[in-house]
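Here are my notes for a first look. Please read them beside the structure.

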Number of protein chains: 2
Amino acid sequence: MLSPFGDLFVVAPDLPRSGASHALTVTTPITVDKVRESEGVAVYACSGTPTDCVKVAMSCLLPRQPDLMVSGINHGSNSSVSVIYSGTMGAALEAAMLGMPSIGFSLCDHSLDADFSASIRYGKIIVQEVLTNGMPKGITLNVNIPALPFDKIKGIRICRQNKGMWNEDFIMKPDPVTGEKQYWLTGFYHNEEAGAEGTDETALSNGYISVVPTHFDMTAYDAIDEMKRLEKLYKDEK
Amino acid sequence: MLSPFGDLFVVAPDLPRSGASHALTVTTPITVDKVRESEGVAVYACSGTPTDCVKVAMSCLLPRQPDLMVSGINHGSNSSVSVIYSGTMGAALEAAMLGMPSIGFSLCDHSLDADFSASIRYGKIIVQEVLTNGMPKGITLNVNIPALPFDKIKGIRICRQNKGMWNEDFIMKPDPVTGEKQYWLTGFYHNEEAGAEGTDETALSNGYISVVPTHFDMTAYDAIDEMKRLEKLYKDEK
């Protein structure tokens, strides 16, 4: 999809990293192997996390800062709070932290034969626009594409992150050989504001591509005034 | 530190998880071993990430939602953007996502003989206050304690997350046996607003404990209007 836009450097994890979030590899070294280089595409496999891939690319592999960093496309949704568990979005945010425009793409379809053709067509439109007109610094775009054919997608909506959470996340199964209790991640998404205006979940359920401008300032500004009471408490103690 | 406040459940990773961020274990099961239980303290070792520990505790181990979830104390700062790489804060945020009041504590000292005595005294003050007066829902507190003796700490400041980033994050060292290139994480913190008013970095460098109310809505609301142009672009294409 990106080949027409310029020279590409692909630095990807060498195995699946679902749920890697913004994790780093800190207690062991990582390795990087060049897989191939031809026709303007250099491909590297990295033993680290998605965020490691961005850091090692910028620190050791790339000749200069790229014009755009693209993460994914992920096989499955990263809308709502899934942004915080997502390795795809962890890497996209890391690029934003390092000062690059970046976009994370996810298709809302986990199936092995998922159809990525609409993602490719819309992906090109979005990438071209961002390369042409730029993005605010320190921002990445969390783009989720509904599991629909191109003609059924109604358009693009700029959204906020939906309020919701994942519930009942582990089920116990005994190890088939030893009987040891093992816990497997599972769970279901609870939408705390189903149908609310302006959210990514609502856009997706209405057949739109959702684009959430996403940043890495996690300060809850709304809560600062209320929590100022802790400053006073300290004065009393002293 | 927490024993006087009530019954405690400790669910901790069974090995160091520095830089785990909000990562989940999804491709393998995790195990949980009860280490001990006595005098109101039950201790479990979990093979998963810090976030897994919270999820498995809530899903499988605890009899009810706890009154407070405390994460850490981490051995080293989690101020500024380190909040996003931190397993300590990943777990604290997960608890907030599940609807519990939560606090993540970090001491700004990596040394093996770091002095935690001031952290304990201030930790008790902060925990008592939050148990008494509560916290806004969906918020966690990112508490960083400067590496100072109790008498030298000037007080508590409610702060926003400082703008900054980690630079030059990997250095290459050949494997001592095979000569294979290996990359080790390193780097230095670049403060993009040194001395700015109201940030955690400024509070810490002035001898205060920093408390950043932290949430998991990563929407960059400031960028929504500018990025609305993508909605128009799509209409033109169609």
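1. Copies are superposed by least squares on the C-alpha atoms of residues with pLDDT of at least 70 in both. On that basis, a turn of 180° and a shift of 0.0 Å along the axis lay chain B on chain A, with an RMSD of 0.0 Å. The two copies are thus related as by a two-fold rotation axis.

2. This is a predicted model, in which local features need pLDDT of at least 70, side-chain atom pairs count only at pLDDT 80 or more, and totals for chains, interfaces and linings use all residues. Residues are numbered from 1 along each chain as its sequence is written, while chains are lettered from A and ligands numbered from 1 in the order in which they are written.

3. How many residues does the contact take from chain B and from chain A? It takes 72 from chain B and 72 from chain A (contact: C-beta atoms, placed from the backbone, within 7 Å). On the chain B side, helix α7 (residues 229–237) gives the largest share, seven residues. Helices here are DSSP runs of H or I, at least four residues, numbered from the N terminus.

4. The copies meet through the same surface, because 100% of the interface residues of chain B are also interface residues in chain A.

5. Within chain B, helix α1 (residues 50–61) packs on helix α3 (residues 87–97) at about 30°, with axes 7 Å apart. Axes are lines fitted to C-alpha atoms over the stretch in contact, and angles run from 0 to 180 degrees between N-to-C directions. So α1(B) is roughly parallel to α3(B) (angles under 35 degrees).

Definitions and conventions:
Helices (H or I, at least four residues) and strands (E, at least two) are DSSP runs, numbered from the N terminus. Angles under 35 degrees count as roughly parallel, over 145 as roughly antiparallel, 65 to 115 as roughly perpendicular and the rest as oblique. Two residues are in contact if their C-beta atoms, placed from the backbone, lie within 7 Å.
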